[in-house]
Amino acid sequence: MKPMKQEQANWEGVLPVYKPAGFTSHDVVAKARRLLGMKRIGHTGTLDPQVTGVLPLCLGRATRVVEYMQELPKEYHATLRLGIATDTEDLTGTITEECDRPVEVTEEEAKAVLERFVGTISQVPPMYSALKVDGKRLYELAREGKTVERKSREVTIYELEMTGFADTGSHVDISFRALCSKGTYIRTLCVDIGRTLGYPSTMVKLERTMSAGIPADRCLTFEEIERYVADGSLSERLIATDEAIDYMPDHTVAEVKAAAALQGQRLSLSMISPPVTDSQPFRLYKEDRTFLGIYGQDESGAIAPIKVFLP
């Protein structure tokens with residue numbers, strides 16, 4: 001494969017990638033850099049190598065909205081297996097516990113337990129994770145055979161729906177769809193569901209089906225990206241930077257103050273429509289719908305820039 005010509009490497013926006021198994025998130029970024037011939041690319045949320053699914057990449061100045069895209073809920077389709085546990089909480093690890101008796105759980109019991117996990121729950125991050133403790137990532141410590149204390153943290157499960165139930169006699173596989181807040185470990189959710197049901201468990205499959213509001217059916221494979229780069233149509237598949245954060249309120253600045261807004265000057269509330277009623281960040285546009293950036297109300301009540309996007 002050949003990267004695009006350097007003079008064409010000026011895309012800006014969000015490239016929705018469908019990550020295949022076997023790639024780290026950094027691998028995906030590196031491959032996109034080669035395919036697109038540009039360096040300024042960032043991803044919006046790490047996926048483990050064996051996990052597939054939605055991985056939006058921010059290109060060019062769109063990297064400045066990564067933090068805002070990460071705030072949105074994520075959706076996953078997962079399968080857990082009752083009857084075994086592993087040190088990594090998924091099938092990539094070493095089995096640490098295995099039932100010596102058949103798993104006896106009904107579909108109704110499993111559904112009832114899943115319902116108990118909807119809402120704000122507490123999770124202890126797994127040892128095989130990228131979180132840092134004393135400057136070292138947990139998975140690095142785990143590979144050294146070390147286990148350290150991890151603080152529990154609260155995450156939110158907005159929706160949890162069973163999508164499959166298979167009893168093989170020796171173990172039970174439970175599939176589900178989860179809509180959850182950032183920072184949720186689905187592997188740990190699988191383990192905690194199993195523990196509540198009274199059995200060791202581990203995650204056997206995971207796909208991220210939505211991230212930053214982008215569904216899987218809007219994503220592109222590497223092969224499609226390469227083809228669209230070659231025929232010059234990739235820009236048509238990009239999501240505009242402001243569209244990628246369209247959950248933020250949309251406001252317009254009076255034309256006479258548009259230049260001042262771009263220069264980073266504070267603005268009077270009277271120059272913005274519709275009226276700004278709180279301090280939450282919002283998207284600001286000129287009257288001709290040119291996106292100017294992310295703004296917000298400061299302590300004095302004036303409108304101040306957070307991230308300006310010069311046209």
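In this predicted model, F291 has a relative accessible area of 14%, which is under the 20% cut-off, so the residue counts as buried. Its aromatic partner Y285 has a relative accessible area of 2% and is therefore buried as well. The rings of Y285 and F291 lie 5.5 Å apart, centre to centre, with 50 degrees between their planes, and the pair is tilted. The grouping extends to another ring: Y285, F291 and F309 are linked by ring pairs into a cluster. Y285 also has a charged companion, as R289 lies over its face at 3.9 Å from the ring centre. A comparable arrangement is found at Y228, where R237 sits over the face of the ring, 3.7 Å from its centre.

Aromatic pairs in the model come to three in total. One of them joins F23 and F222, whose ring centres are 5.2 Å apart; the planes meet at 50 degrees, so this pair is tilted. F23 belongs to the loop between β1 (13–19) and α1 (25–36), whereas F222 belongs to helix α6 (residues 222–231), so the contact between the rings ties together parts that are 199 residues apart in sequence. The two partners can be told apart by their accessibility. F23 has a relative accessible area of 23% and is partly exposed, while F222, at 7%, counts as buried.

Turning to the interior, the largest nonpolar core is made up of 30 residues. Those with the most contacts inside this core are L82, L160, I174, F176, I186, L189 and I193. Two or more residues each come from β4 (74–82), α3 (107–116), β10 (153–167), β11 (172–180), α5 (186–197) and β12 (201–211).

Helix α5 deserves a closer look. Its twelve residues reach 17 Å from the first C-alpha to the last, close to the 16 Å expected at 1.5 Å a residue. The helix is mostly covered, with ten of the twelve residues buried; these are I186, R187, T188, L189, C190, V191, D192, I193, G194 and L197. The cover over these buried residues includes β4, α3, β7 (119–123), β10, β11 and β12. L189 offers a view of this packing at the level of a single residue: leaving aside neighbours within four places in sequence, L189 is in contact with F117, I121, Q123, I157, L160 and F176. Just after α5, G198 adopts a positive phi of about 95 degrees.

Technical notes. Residues are numbered from 1 along each chain as its sequence is written. This is a predicted model: local features need pLDDT of at least 70, side-chain atom pairs count only at pLDDT 80 or more; totals for chains, interfaces and linings use all residues. Side-chain values use heavy atoms; hydrogens and water are left out. A nonpolar core is a set of buried Ala, Val, Leu, Ile, Met, Phe, Trp, Tyr and Cys residues joined through side-chain atoms within 4.5 Å. Buried means under 20% relative accessible area, exposed over 50%, partly exposed in between (1.4 Å probe, protein chains only). Helices (H or I, at least four residues) and strands (E, at least two) are DSSP runs, numbered from the N terminus. Contact means heavy atoms within 4.5 Å. The expected span of a helix is 1.5 Å times one less than its number of residues. Rings of Phe, Tyr and Trp (its six-membered ring) pair if their centres lie within 6.5 Å; planes under 30 degrees apart count as stacked, over 60 as edge-to-face and the rest as tilted. A charge sits over a ring if NZ of Lys or CZ of Arg is within 6 Å of the ring centre and within 35 degrees of the ring normal.
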